[in-house]
Amino acid sequence: KASHPGSAVSYKFIGFPESDVGVVAIRGTNNGLDALSDAQLWSSAALAQYVRAVLPLGVLYTPILHWLVEAVSWVESSSLESVSYYRETTSFVEEVKKSGKYSNLIVAGHSLGGGVAMITGAQTEVPSIGLSGPNAVLSRLTFHPEITEEALRKYTFNIVPDRDPVPRIDDFSQNLQHIKCTAPASNPVDCHMVHRSVCEILFTCGSHGRPILCDCVNQYNYPIPISTSGTAFSDVCPKK
């Protein structure tokens with residue numbers, strides 16, 4: 001099942017009936033409009049982080065920053081309404097929960113999709129995974145319904161590549177995992193690319209029998225994986 005054609009957010013539901021698992025996958029930033037949505041939804045949190053960074057002893061203001069973010073977002077409420085993509089995904093996940101077809105649900109996404117996934121996960125009390133997703137600690141009171149810190153600690157997990165600026169927007173919650181980025185130091189934007197991050201996860205954690213992306217070796221220069229079938233990697237993934 002996928003989001004309807006007129007939807008502002010793109011997501012798909014993938015069901016695994018044999019294991020009683022359902023996954024809601026939310027697309028990440030894909031164009032200028034998505035990037036603008038990122039900026040609008042998290043601009044107040046980014047501003048609060050900047051103020052904290054430039055003020056002497058700014059860290060002392062952390063306990064009240066979420067109130068500042070809420071106040072600024074209230075002023076921007078009309079514009080935020082149009083980019084509140086999480087409302088649709090939260091509604092969809094609630095419908096899936098009520099159907100009772102899957103007792104194990106997961107919400108996941110990359111970039112904007114990761115941020116939306118974690119918001120939806122916290123709102124619906126469903127485990128969520130963000131890959132390079134902006135966080136929701138400082139902005140938790142700006143969403144409808146509001147999110148608690150406890151819900152973020154319990155239901156969200158963010159994967160944070162080195163030098164990727166997007167998952168450093170808003171403050172980290174409790175559960176996160178830093179991963180390496182092998183992109184050149186002169187190109188930190190490439191640390192936000194989903195394929196590069198997936199390759200790093202597969203290289204570090206192992207694929208457990210799953211196929212490795214051709215790009216991991218041919219584009220991102222990871223070592224050639226060990227074959228379990230006797231087939232040469234170059235035969236399956238020839239260089240273009």
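Here follow some questions and answers about this predicted model.

User: Hello! What should I know about the numbering and the confidence limits before we start?
Analyst: Happy to help: residues are numbered from 1 along each chain as its sequence is written, and side-chain values use heavy atoms, with hydrogens and water left out. Because the model is predicted, totals for chains, interfaces and linings use all residues, side-chain atom pairs count only at pLDDT 80 or more, and local features need pLDDT of at least 70.

User: In what order do the strands of the sheet stand?
Analyst: Helices (H or I, at least four residues) and strands (E, at least two) are DSSP runs numbered from the N terminus, and two strands pair if DSSP finds at least two bridges between them. The sheet is open, its pairing is mixed, and six strands form it in the order 1-2-3-4-5-6.

User: Which strands stand at the edges?
Analyst: An edge strand here has a single partner strand, so one side of it is left without a neighbour in the sheet. That describes strand 1 (11-16) and strand 6.

User: Which residue in strand 6 is the bridge partner of I159?
Analyst: Strand 5 (residues 156-161) runs parallel to strand 6, and four bridges join the two. Strand 4 (residues 128-131) also pairs with strand 5 in the parallel sense over four bridges, with L131 opposite I159. In strand 6, the partner of I159 is Q177.

User: How many of the six residues of strand 5 are buried?
Analyst: Buried means under 20% relative accessible area, exposed means over 50%, and partly exposed lies in between (1.4 Å probe, protein chains only). Strand 5 is largely enclosed by the rest of the structure, because its buried residues number five of the six.

User: Which residue forms a salt bridge with D171?
Analyst: A salt bridge is a side-chain nitrogen of Lys or Arg within 4 Å of a carboxyl oxygen of Asp or Glu, and a search of the whole structure finds three. For D171, the closest N and O atoms of the pair are 2.8 Å apart, and the partner is R52.

User: How many residues apart are D171 and R52?
Analyst: D171 counts as buried at 14% relative accessibility, and R52 counts as buried at 18%. The pair links distant parts of the chain, with D171 in the loop between strand 5 and strand 6 (176-179) and R52 in helix 1 (residues 32-54); they are 119 residues apart.

User: Is E149, which meets R140 in a salt bridge, buried or partly exposed?
Analyst: The side chains of R140 and E149 meet at 3.5 Å, N to O. R140 counts as buried at 9% relative accessibility, whereas E149, at 37%, counts as partly exposed.

User: What is the N to O distance between R196 and D190?
Analyst: Both residues of this salt bridge are buried, R196 as well as D190. Their side chains meet at an N to O distance of 2.6 Å.

User: What is the volume of the largest cavity?
Analyst: On a 1 Å grid over the protein atoms alone, a cavity is a set of points where a 1.4 Å probe fits but cannot get out, a pocket is an open set with protein on both sides within 12 Å along at least five of seven lines, and lining residues have an atom within 4 Å of a point. Grid points are joined across faces, edges and corners, and a volume is the space filled by probe spheres set on the points. The whole structure holds three cavities of 30 Å³ or more, and the largest has a volume of about 70 Å³.

User: Which element gives the most to the lining of the largest cavity?
Analyst: The lining includes M118, L152, F157 and N175. The element that gives the most, with three residues, is strand 5.

User: Which element supplies the largest share of the lining of the largest pocket?
Analyst: This pocket has a volume of about 670 Å³, and of its 23 lining residues, the closest to its centre are I129, L131, I159, V198 and I201. Strand 1, strand 3, strand 4, strand 6 and helix 7 (194-205) each supply at least two residues. The largest share, seven residues, comes from helix 7.
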